[in-house]
Structure formats: structure tokens, C-alpha cells
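Grab a pencil and open the viewer. Below are a few exercises, each with a solution worked out step by step.

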Amino acid sequence: MTATTTLAERLGYGPDDKLVILSCDDLGSCHAANVGVFTALREGAATCASLMVPAPWARHAAEEATPADDIGVHLTLNAEHDRYRWGPITHAPSLQSGEGGFPRTLTDLWEHADQSEVLRELRAQTERAIQWGLDVTHLAPHLSAITLRPEFFDVYLELAVEYRLPIRLPSTIGADQAGFPFRKLAAEEGVVFPDHFDHDWRAGSAERVHAAIEQLQPGVTEIHVQPAIDTPEVRAITPAAPGWIADLELVTSPDLQARLDAAGATMIGYRQLRAVMRDA
């Protein structure tokens, strides 16, 4: 492999090919999300998902998964909903909010989290997913909690190297904005990550997803959605629920597949990136 070999070429494609990972976040967060994500994977255009191991419906998701499903760990340190809580699976006092469970906000997390407790908790989440029988394909932090803080990015990178797993990294935020060269550091450790990923977490993804497909560039692009079925449960959890419900309609619509086809997209998952990383 030469210094100019692209990720697409390492995956066996041409340097100008447009490869798309369509990923589903928040698997395990609730029953509606579990049904929505598996529907998106099996009946829609989605190619992978990530599991929130500490969340209440994580075990159900793990039991519903099949060996064909491309599932990573959605490394979780926040519980952001007003009336719906989850917390650490390890003894981690610095990761508890005053009301019990993980902090709601990133600011609260960053002000109190101890790095050693973060590492122990996130390693335990990864190990539990493996113990549940999942063939873990990648790591992707919930709310990007450990992506853009140097002390927590070290944890992210350590786990990626330890488990030999590719990771999600934003491409729409640069090293100058983050304050450190996070993508360069990951590459130097041999960690694989998509070339393009839009760091945009607004609920309801149609506008963002359509724009990403229209502007598709050569290389590997990850596009994330958060699909859920429409139930009283999910609507009670968060005012963002209509956006999640719309995501399921989006990712299972013939229109989305037509847009991907028209853009010349080749659909892949994180399992292919993991194979490249481990082969290297």
C-alpha cells in the first residue's frame, strides 16, 4: 500500500468510486427504535447500525440481531431525554448526574467525567456487546461525546486500537476547530474511518440526507439516520420523535434508493472497513 492509496482502493474499488455507509443510530434506546432500525436494515437502504449498550432496550436489540446485521457499539455517556433515563454499567461516580443516570448534556459530562472511568465504562460496553453475541463491526460515540475532546479522544482511539475496529469521525469539523488533529492521530494509529461524515444531529434527516447524496464525493461517505416506528412510547420519550419516525419513512422509501442509484452510490457497511483495518 502506498501513501496515496485511498480508502476506496483499499476496499477494492476505484479511487473515483462513491461508496456510502447508511448508518442507523440509537439501536437499543427504546422498542420503537429497535423495530425501526431493523426494518431500515432489512427492508430499506440502511447498511449498518450502532447499539447503545446501557440503554433499556439494548438486550432486546442484541437478541433480535442476526449474524448478517452490521452492528457496532454506540459508545454512550449521556442520557439526554427529560423523562427517560439510563446510566453506567460500571461503578463510575463521575459519570452519574445528580438525578441518577448519565448526564443530560455534554457540558455536564465534560466538567465531571474522569478519564479512567470513561475508559472502563466504554470498554465494558464494548465487551458486553461481544458477550451478547454481536460481531461488533465499529465504534461510534453517542452525541460525539468523546470525539472532539482530546482527553476523551484518547479513550476512543485506545478502544479502536485494542479491538481493531474502525470508527466514525466528522469531516465537517477541522483540526483548527477541534483544537487538535483528531483525524491525523487516528490515521497514524492505523485506525480506519470514512472519508466523509457530516457532524449534524438535527432530528429528521431528509434534507441533510438528500443534500449529501446530491453532493456525493469519491471515497467513503457515512450518512446517519435515526429510524423508529410510530408508537405512544417513542412520542412520550421526546419531542424529536416525529423526526425519528420520518427517518424510517425516508430510509425505506423507493425515492431514496432511486436517488442513491442516480448518484452512482455503491452501498457498503462498516464490516468492510473492519476487514481492511484488520488486514493491514
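**Exercise 1.** Work out how strands β1 and β6 pair, and find the partner of V20.

*Solution.* Start with the pairing: β1 and strand β6 (residues 265–267) run parallel and share 3 bridges. Strands here are DSSP E runs of at least two residues and helices are H or I runs of at least four, numbered from the N terminus; two strands pair if DSSP finds at least two bridges between them. Next, look across from V20 and you land on M267 in β6.

Before going on, a word on the ground rules. The model is predicted, so local features need pLDDT of at least 70 and side-chain atom pairs count only at pLDDT 80 or more, while totals for chains, interfaces and linings use all residues. Residues are numbered from 1 along each chain as its sequence is written, and side-chain values use heavy atoms, with hydrogens and water left out.

**Exercise 2.** Find the other partners of β1, then say why β1 counts as largely enclosed.

*Solution.* Step one: β1 is joined to strand β5 (residues 219–225) by 7 bridges, again in parallel, and L19 faces V220 in β5. Step two: β1 (residues 18–27) also runs parallel to β2, with 3 bridges between them. Within that pair, S23 has C48 as its bridge partner, and C24 has A49. Step three: because 9 of the 10 residues of β1 are buried, the rest of the structure largely encloses it. Buried means under 20% relative accessible area, exposed over 50%, and partly exposed in between (1.4 Å probe, protein chains only).

**Exercise 3.** Follow the chain through β2 to β3 and give the handedness of the crossover.

*Solution.* First check the faces of β2 (residues 48–51): C48 and S50 on one side are buried, and so are A49 and L51 on the other. Then take the pairing: β2 and strand β3 (residues 71–73) are parallel, with 3 bridges, and L51 has V73 as its bridge partner. Now trace the connection: from β2 the chain passes through helix α3 (residues 58–64) to β3, a right-handed β-α-β crossover. Right-handed here means that, with the strands pointing away from the viewer, the path from the first strand over the helix to the second runs clockwise.

**Exercise 4.** Describe how helices α5 and α6 pack.

*Solution.* Two numbers do the job: packed helices are described by the angle between their axes and the distance between the axes. For α5 (residues 115–131) and α6 (residues 150–163), the angle is about 35° and the axes are 10 Å apart. Axes are lines fitted to C-alpha atoms, for helices over the stretch in contact, and angles run from 0 to 180 degrees between N-to-C directions. Now list who touches whom (contact means heavy atoms within 4.5 Å): the α5 side includes L119, L122 and I130, and the α6 side includes F152, V155 and L159.

**Exercise 5.** Is L95 buried or exposed, and what does L95 touch?

*Solution.* Locate L95 first: it sits in the loop between β3 and α4 (106–112). Its relative accessibility is 0%, so L95 counts as buried. Setting aside neighbours within four places in sequence, its contacts include L77, P88, F102, L109 and V118. Finally, try a distance: the C-alpha atoms of L95 and I130 are separated by 23 Å, with the two positions 35 residues apart along the chain.
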